[in-house]
Amino acid sequence: MSALLRAVDALNDRLIAAGAIGEALDLAGGESPPAWVAVYQSQIEAIREAAEALETLVRGIGGVAPDIAATRRNGIEGGIE
């Protein structure tokens with residue numbers, strides 16, 4: 001596994017932990033948690049969406065390895081017509 005894939009996996013692990021912290025803060029706040037808890041959770045969601053976009057690029061679009069996808073985009077070996 002490449003260093004880039006390991007970094008994406010580590011990012012995903014951190015996002016899972018951050019999401020769990022957000023859920024715990026929400027539960028600890030009771031029926032009306034402080035507004036900053038919702039801000040925290042929305043920021044985690046925005047980071048998660050960005051991480052998913054990054055992972056898509058790293059792992060390749062449509063299950064195609066990134067190096068093969070780049071080769072195809074450049075018009076080599078049966079590229080996009």
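This is a walk through a predicted model of a helical protein chain, from its overall layout to a few individual residues.

Let us start with the whole chain. It holds three helices and zero strands, and reading along the sequence gives the pattern α-α-α. Of its 81 residues, 15% count as buried. Among the contacts in the chain with a separation of 6 or more, 42% are made by residues 24 or more positions apart.

Next comes the pairing of two helices, H1 and H2. Two packed helices are described by the angle between their axes and the distance between those axes. Here, helix H1 spans residues 3-28 and helix H2 spans residues 35-59. Their axes come within 10 Å and cross at roughly 160 degrees. Angles over 145 degrees count as roughly antiparallel, and H1 and H2 are therefore roughly antiparallel to each other. As for handedness, H1 passes H2 in a left-handed crossing. The residues of this contact divide into 16 nonpolar, four polar and six charged.

What does the contact look like from individual residues of H1? Leu-15 is a good place to begin, since this residue lies in helix H1 and is buried, with a relative accessible area of 7%. Leaving out residues up to four places away in sequence, Leu-15 touches Ile-44, Ile-47, Arg-48 and Ala-51. One of these partners, Ile-44, is 29 residues from Leu-15 in sequence, yet their C-alpha atoms are 7.2 Å apart in space.

Ala-18 is also found in helix H1. At 13% relative accessibility, Ala-18 counts as buried, because the cut-off for that label is under 20%. Setting aside residues up to four places away in sequence, Ala-18 touches Tyr-40 and Ile-44. Ile-44 is thus a name to remember, as it appears in the contacts of Leu-15 and in those of Ala-18. Another pair to look at in the viewer is Ala-18 and Glu-45, which are 27 residues apart in sequence and 9.8 Å apart from C-alpha to C-alpha.

Now move along H1 to Leu-5, which is in that helix too. With neighbours within four places in sequence left aside, Leu-5 is in contact with Val-58 and Arg-59. The sequence separation between Leu-5 and Arg-59 is 54 residues, while the distance between their C-alpha atoms is 7.6 Å.

Arg-59 leads straight to the charged side chains. How many salt bridges are there in the model? The count comes to three, with a side-chain nitrogen of Lys or Arg within 4 Å of a carboxyl oxygen of Asp or Glu as the criterion.

One of them joins Arg-59 to Asp-9, with the closest N and O atoms 2.7 Å apart. Arg-59 lies in helix H2 and Asp-9 in helix H1, so this pair ties together parts that are 50 residues apart in sequence. Are these two residues buried, partly exposed or exposed? Arg-59 is partly exposed, with a relative accessible area of 33%, and Asp-9 counts as partly exposed at 24% relative accessibility.

Arg-59 has another salt-bridge partner in Glu-55, and the closest N and O atoms of that pair are 2.7 Å apart. Both Glu-55 and Arg-59 lie in helix H2, four residues apart, which is about one turn of the helix. Salt bridges that share partners join Asp-9, Glu-55 and Arg-59 into one network.

The remaining pair to visit is Glu-45 with Arg-48, a salt bridge whose closest N and O atoms are 2.8 Å apart. Being three residues apart in helix H2, Glu-45 and Arg-48 are separated by about one helical turn. Glu-45 is partly exposed, with a relative accessible area of 34%, and Arg-48 is partly exposed as well, at 26% relative accessibility. Arg-48 also brings us back to an earlier stop, as it is among the residues that Leu-15 touches.

To gather the threads, H1 and H2 are roughly antiparallel to each other, and their contact includes 16 nonpolar residues. Leu-15 and Ala-18 are buried residues of the model, while Arg-59 takes part in a salt-bridge network with Asp-9 and Glu-55.

Key:
Residues numbered from 1 in each chain as written. Predicted model: local features only at pLDDT ≥ 70, side-chain atom pairs only at ≥ 80, totals over all residues. Heavy atoms only, no water. Axes fitted to C-alpha atoms, helices over the stretch in contact; angles between N-to-C directions. Parallel < 35°, antiparallel > 145°, perpendicular 65-115°, else oblique. Left-handed = near helix turned anticlockwise from the far one by under 90°. Nonpolar A, V, L, I, M, F, W, Y, C, P; charged D, E, K, R; others polar. Buried < 20%, exposed > 50% of the residue type's maximum accessible area, 1.4 Å probe, protein only. Contact = heavy atoms within 4.5 Å.
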